Amino acid sequence: MTTYAPIDSMVTDFRAALPATTPVVPATLTTTVPKEYVHRAAVTEVFLTGWRQTDADTCTVTAQWPRAHSFYGPIEGFHDPLLFSETLRQTVPLLSHAVYGAPMDHKQIWRDLRVSLDPAALRAGTTPAELELHIRCSDVEQRAGVLRGLRMEVTATSDGRHLATASTAFSSHGRALYRRLRGAYADAEQAMADAIEPPLPLSPGLVGRDRRPDVVLSPRGSDGRWQLRVHTAHPIIFDHPNDHAPGMLLLEAARQAAQHHLGPAPVLATGMEASFHRYAELDAPAWVAAESLGEGRVRVTVEQDGELAFACAVTTHPVSA
């Protein structure tokens, strides 16, 4: 009579015969940097994936762009160029805190921004784009060993291909100094509560948008200007309470104004030369104007209470080219 071993013992014997193994782990594991380093409330809005300091004032920062995004979505097969400006914006606090030791409650404020993007490198692929930013810091200002500001010169690649060059300067303020600078506006929660009701938006198609909540310009008035729409409930532009109009809102206004001015054919905002002159407050209307500079370039200004708050020369590239 033939006898058979119980199935449980057969499995045990088989497993015992296998060589000992350990889990296979990739050489590097990709994750995002802590959201606190980039001043974001939502982890899903963090684009930076790492950094390393290569010298006293040089760093390499890595980032990943999603193939789709609720606000910075693709444009006719191209990544939204403002993804790069947001990537730079996140790099500003990252280097301030992680490299130059600025306390986590310090605020960084943009002074200026220059960006030049290669349109061909903005084409979206079948996987998320992997970016590498090589950064040289200069004009480093410190007081009593605490960072007060610096300038970053940036060269960026996307999946190993040249993507952009950029230069940006910012100041860094401690909590006490910031409160003195902002006075009654220093309380972000109160500033948000005091924000004026946003006017009705332009038709989204006129400014390269699909959704009305993403439009940051109102219909033009009799003077040819748009009112800036400050929608404090917007989950991306106002990811967290802010006491003034964020820099990315002003850049978005510049991009939308350029698209409206040059339209109707869609264009990519592949170049920006921006100056941030003063805070744009939430409790008073701000007015956006545009004028042609020729050859697909548009100068956009934002004024409030008769004073220049922001100016930006936008260079565009036809999407169809």
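**Exercise 1. Place Leu206 in the predicted model: find its element, its exposure and its long-range contacts.**

Step 1. Leu206 sits in the loop between helix 4 (188-193) and strand 7 (226-227). The model is predicted.

Step 2. Take its exposure. The relative accessible area of Leu206 is 43%. Partly exposed covers the range between 20% and 50%. Leu206 is therefore partly exposed.

Step 3. List contacts, skipping neighbours within four places in sequence. Leu206 then touches Gln259 and His260.

Step 4. Add a distance. Leu206 and Ala42 are 164 residues apart along the chain, and their C-alpha atoms are separated by 30 Å.

**Exercise 2. Do the same for Leu122. Is this residue buried or exposed?**

Step 1. Leu122 belongs to the loop between strand 3 and strand 4.

Step 2. Its relative accessible area is 0%. Buried means under 20%. So Leu122 is buried.

Step 3. Again leave aside neighbours within four places in sequence. The contacts of Leu122 are Trp65, Gly77, Phe78, His79, Pro81, Leu117, Leu163 and Thr270.

Step 4. For distance, take Thr49, 73 residues away along the chain from Leu122. The two C-alpha atoms are separated by 19 Å.

**Exercise 3. Trace the sheet. In what order do the strands lie?**

Step 1. Recall the general rule. Strands of a sheet pair through backbone hydrogen bonds, either parallel or antiparallel.

Step 2. Here, eleven strands make an open sheet with antiparallel pairing. The order is 1-2-4-5-6-3-8-11-10-9-7.

Step 3. Find the edges. Strand 1 (48-55) and strand 7 each pair on one side only.

Step 4. Add the helix. Helix 2 packs on the sheet and touches strand 1, strand 2 (58-65), strand 3, strand 4 (129-143), strand 5, strand 6 and strand 8. The directions of helix 2 and strand 3 make an angle of about 140 degrees.

Step 5. Start from the strand 1 edge. Strand 1 and strand 2 run antiparallel, joined by six bridges. They form a hairpin with two residues between them. Asp55 has Thr58 of strand 2 as its bridge partner.

Step 6. Look further in. Strand 5 (residues 146-158) pairs with strand 6 in the antiparallel sense over ten bridges. Met152 has Thr168 of strand 6 as its bridge partner.

**Exercise 4. Describe the largest pocket. Which residues lie nearest its centre?**

Step 1. Start with the principle. Rolling a probe the size of a water molecule over the atoms shows where empty space is left.

Step 2. Get the volume. The largest pocket holds about 1,100 Å³ of space.

Step 3. Get the lining. It counts 43 residues, and His39, Gln108, Ile109, Asn242 and His244 lie nearest the centre.

Step 4. Assign elements. Two or more lining residues come from each of helix 2 (82-99), strand 3 (107-117), strand 6 (161-173), helix 3 (175-182) and helix 5 (247-262). Strand 3 gives the most, with five residues.

Step 5. Sort by class. The lining has 22 nonpolar, nine polar and twelve charged residues.

Step 6. Inspect His39. It lies in the loop between helix 1 (7-17) and strand 1. Its relative accessibility is 24%, so it counts as partly exposed.

**Exercise 5. Repeat for the second largest pocket. Which element gives the most to its lining?**

Step 1. The second largest pocket has about 410 Å³ of space.

Step 2. Its lining has 22 residues; Pro74, Ile75, Gly208, Arg209 and Asp210 lie nearest the centre.

Step 3. At least two lining residues come from each of helix 5 and strand 8 (267-276). Helix 5 gives the most, with three residues.

Step 4. The classes are eight nonpolar, six polar and eight charged residues.

**Exercise 6. Check the backbone. Which residues does a cis peptide bond join? What phi does Glu76 have?**

Step 1. The cis bond joins Gly263 and Pro264, with omega at about 10 degrees. Pro264 falls in the loop between helix 5 and strand 8.

Step 2. Glu76 is not a glycine, yet its phi is positive, about 50 degrees. Glu76 lies in the loop between strand 2 and helix 2. Its relative accessibility is 60%, so Glu76 counts as exposed.

Step 3. Return to His39. This residue is not a glycine either, and its phi is positive at about 55 degrees.

Conventions. Residues numbered from 1 in each chain as written. Predicted model: local features only at pLDDT ≥ 70, side-chain atom pairs only at ≥ 80, totals over all residues. Heavy atoms only, no water. 1 Å grid on protein atoms, 1.4 Å probe; cavity = no way out; pocket = protein on both sides within 12 Å on 5 of 7 lines; lining within 4 Å. Points joined across faces, edges and corners; volume = space filled by probe spheres on them. Helix = DSSP H or I, 4+ residues; strand = E, 2+ residues; numbered from the N terminus. Nonpolar A, V, L, I, M, F, W, Y, C, P; charged D, E, K, R; others polar. Buried < 20%, exposed > 50% of the residue type's maximum accessible area, 1.4 Å probe, protein only. Contact = heavy atoms within 4.5 Å. Pairing = 2+ DSSP bridges. Axes fitted to C-alpha atoms, helices over the stretch in contact; angles between N-to-C directions.
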